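Biologist: I should like to learn how the features of a two-chain model are read. May we go through them in turn?

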Amino acid sequence: MSLVAEAATHPVSEFRVTRSRRNVAWTGAGALIVVVVLALFPYLVYSGTTTIMVQAFIVLTLASMWNLLAGYAGLVSVGQQAFVGLGAYFVLILALHGISPFAALPVAAVGCGIAALPLWWLVSRLRSGYFAIATWVLAATVMLIIEKFSSIGGGTGLPLPGLSGLSPTLLTAYTYWIGLAVTVLATLTVYLLLRGRLGLVLTAIRDDEVAARSSGARVGLARLLVFLVAGIGCGAAGAVLAISQLQVQPSAVFSISWTAEMAFATIIGGLGTIEGPIIGTAVYMLLQQTLASFNAWYLIVFGLVAIVVALFNRRGLWGLVDDRLNVRLFPVGYYLHTPSGKRRGSAGA
Amino acid sequence: MAWVNAIIQGVLTGGLYALFACGLSLLFGVMKVVNLAHGDLAVVAGYVAIGVITVTHIPVLWSFVIVVPVMALVGYALQRTVIQSSLNRSVLTTLMVTFGLSVVIENGLLQFFTANSRGIGSGLSLVRDSFKLGSQIQIGYLPLVIFAAAVVVLLGLQYFLSRSKYGRLIRASADDQEAVQLAGADYRHVFGIAAALAFATVALAGIAYGMSSQLAPTTGSDVILLFAFAAVVIGGLGSLWGTLLGGVVLGVAQQIGAQISISDEVLAGYIVFLAVLVLRPQGLTTRRAQS
C-alpha cells in the first residue's frame, strides 16, 4: 500500500513519528554505563593504558568535529590543525601567567571559538577544494605567526609549566578525566546540535542547497556555527594534547597529521554518522598500537584504508553495522511508522 | 639596490611557482578536481629523477626526457582509476581521496627515503653559476632557465588547448561531458589526457624545485602545493597567464619579506595571498566572478 493510500484510509492518530527505528532507551543507558566505567579506569588499569586512552580521546574529539564539518556541513577542512595548535598555545600562554592548565582548558577552547570568527571570514566564500587548501594555508600562516613570538618559545616551543606540583599518578588520572570529559562533551554537543534545528538545516543544505536557501534556511549562518563549534572542539582537544604532552612545540601541535588522523578516522568509521568517528578512532588506535614500532607505517595503512573506504563504501564501517542491525546509538533523523507496519526513514536519516 | 635585487629575484622565482601552479590549475579547470596530492607527486617526480640520474648517468638536465613521460603515464593511470571513480561519487570524495594520497605518499617517502633532503645536480655549473648586472645584482642561470621553461610550458599549454584536436576535446569535455560522449568521444579518455598533461608539468616542477633547492618528503605539501595554490588564487582562476602573474607576485612578496627579516619570507607570501583573498577574491587578472 502506498503512503498516500494508507493516509487516506487510516486516521492520523495511527501514524507515529519517532527518532529511531528502534527504542533507544537501552542505548542511552548503555552509553551512560560506558562513560561511568571509563571514568573509573584510572582506578582499574595501569597508567600506560590511560595514557593511550587520552590519545584516543583526542583523536575522537577531533574526528567528531571533522565529521560535523565534512559529513554534515560539506566543509572539507584540511586546516583544523590550526585550532589544535591554538588550543595548545592558549593553555601554554595562560599557564605561563600562573593559571592552572586544567582551568585554562575551557578558556583556551572559547579562545579558539573567537579565533574561528576571523578565520571563517577569510575562507567562507570558498567552496570544496578551494576551501580545503585555503584552510591548509591558514593553518600554516597561524603557525608562522605563533613562531614569531619568542616569549612563548618561538620555533622550538616550551615545556608546559604549572603541573609540577602534582604527583605523576594524580597528573595521569586528572589528564585522563579531562580528556574523557572533553570527548563526552564534544560527542554530546554534536548529537544535540544535529538533533535540533541546525541538524535539519544542514540536512536540507546537503540535499539541495538552493532549495534550502529559498525556503529561508540561513545557509551561511549554519556553516559559520559549524565552523565555530569545530574550532572550539579542536581547540579543546589541542588543550588536552598540551596537558598530556607537558610541552608545546609548534611543528608538533600544528602538524597536518592531526587533520589526517581526524579525517581518516571519520571516513573509515562512517562519514555523516555520529557513531562513525567512534568506530574510526577504535580502528586508528588498533593500527597505531600494532604498527607503533614501524614509524610512519600506521599512517600509510590508515590512509590507504581511508581511500578504499571513501571509494567503495561511502558509509564506512558503521554503515555496515547499521545495514545489518538497523540500529542507531545517536538517532538524529525521523522515522514514520505507518499502520501497516512499514517504516519509512526521512529527514536526517 | 637590495630592494631592486629582491624584486628581480622574486620575479624569477615566480617562474618556478607558475610551474608549480599550472598542473593544479589545469586539473581544476578541466575536471573541477583539486588535487591535494599535487605537491607530493611533484616530489615523487623529483625522487624519480634522482634515481634515473644515478642509474643511467644521463646528464641531469636531460632527466626530464624520461621523468616527464613516466609521470604523464602515472597521471593518465591515476585519472582513469582513482580520480575518475572518486569523481563519479562526489567532489567531496575527490578531496578525501587526494588528501589520503597526499598523506600516504608523504609518509611513504619518509619511510623509504628518510627525512633527509636531497638536491638534483647540485654540482652543475648551471645550478651554481650566476652573472652580475651592475655591482649588486646577481642573477643565477638556473632561475633564468626555469623562468624561460615556465613561459615555454604556459605557451605550449595555451597553444595545445586552443589549437589542437585534443585541446578542443579537453575544453569540450570540461564544458559538457555528456555532449562529448554523444558526439562520439570518450570523455574519460580525454580527462586522462588532461591529467597526463598536468602530471607532465608536475614532473617539471619537481625537477626544477629539486635543482633550485632541496627536496624532502614534506616539501610536497609545505611548499609546492600551498605555493601553487597561492599563485593560482592571486593570479585568478582559469587563466594560464594569470598563473604566471600570481607566481611572480608571490615570489616578489616572499623576497621583499625576506629583505625585512629572513624568517618572514614564507609568511609575507601568505599575507599577500590572504589580502588578495579578501580584497579581490576573483584574482588579479579575471574580472568579477560569475557567482
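Biologist: Of the 15 residues of α2(A), what number is buried?

Modeller: A residue is called buried if 20 or more other C-beta atoms lie within 10 Å of its own, exposed if 12 or fewer do, and partly exposed in between, with the C-beta atoms placed from the backbone. For α2(A) the number buried is zero, so this helix lies largely in the open. Please note that this is a predicted model, in which local features need pLDDT of at least 70, side-chain atom pairs count only at pLDDT 80 or more, and totals for chains, interfaces and linings use all residues. Residues are numbered from 1 along each chain as its sequence is written, while chains are lettered from A and ligands numbered from 1 in the order in which they are written.

Biologist: How many residues of α7(A) are buried?

Modeller: The helix α7(A) is mostly covered, with 16 of its 20 residues buried. Helices (H or I, at least four residues) and strands (E, at least two) are DSSP runs, numbered from the N terminus.

Biologist: What span should the helices α7(A) and α2(A) have?

Modeller: The expected span of a helix is 1.5 Å times one less than its number of residues. For α7(A), residues 128–147, this gives 28 Å, and the end C-alpha atoms are 29 Å apart, which agrees. For α2(A), residues 25–39, the expected span is 21 Å, and its end C-alpha atoms are 21 Å apart, which also agrees.

Biologist: What secondary structure does each chain have?

Modeller: Chain A comes to 16 helices and five strands. Chain B comes to 12 helices and two strands, and its elements run α-α-α-α-α-β-β-α-α-α-α-α-α-α from the N terminus on.

Biologist: In what sense do the strands β1(B) and β2(B) pair?

Modeller: Two strands pair if DSSP finds at least two bridges between them. Strand β1 (residues 130–133) and strand β2 (residues 137–140) of chain B pair in the antiparallel sense over four bridges. Within this pairing, B:K132 has B:Q138 as its bridge partner, and B:L133 stands opposite B:I137. Three residues lie between the strands of this hairpin, where B:G134 takes a positive phi near 70°.

Biologist: Where is a positive phi found in a residue other than glycine?

Modeller: Most residues other than glycine have a negative phi, and most peptide bonds are trans. Phi of A:L246 is nonetheless positive, near 60°. This leucine is found in the loop between α11 (219–245) and β3 (247–248) of chain A, and it counts as partly exposed because it has 14 C-beta neighbours inside 10 Å. B:H57 also has a positive phi, near 60°, and lies in the loop between α2 (38–56) and α3 of chain B. B:H57 is exposed, since 7 other C-beta atoms lie within 10 Å.

Biologist: Is B:L197 buried or exposed?

Modeller: B:L197 counts as buried, because it has 26 C-beta neighbours inside 10 Å. It lies in helix α9 (residues 187–212) of chain B. B:L197 and B:A172 are 25 residues apart in sequence and 16 Å apart in space, C-alpha to C-alpha.

Biologist: What radius of gyration does each chain have?

Modeller: The radius is taken over C-alpha atoms, and the globule rule is 2.2 Å times the number of residues to the power 0.38. For the 291 residues of chain B the rule gives a value near 19 Å, and chain B has 19 Å, which agrees. For the 349 residues of chain A the rule gives a value near 20 Å, and chain A has 21 Å, which agrees. Of the residues of chain B, 53% count as buried; for chain A the figure is 45%.

Biologist: How many residues of chain B are in contact with chain A?

Modeller: Two residues are in contact if their C-beta atoms, placed from the backbone, lie within 7 Å. By this criterion 34 residues of chain B are in contact with 34 residues of chain A. On the side of chain B that touches chain A, the elements giving two or more residues are α3 (64–89), α4 (91–113), α10 (219–235) and α12 (265–279). Of these, α4(B) gives the most, with 15 residues.

Biologist: What confidence does the model carry?

Modeller: pLDDT is the predictor's confidence in each residue, from 0 to 100. Its mean over chain B is 89, and 98% of the residues of chain B reach 70 or more. The model scores ipTM 0.90 and pTM 0.90.
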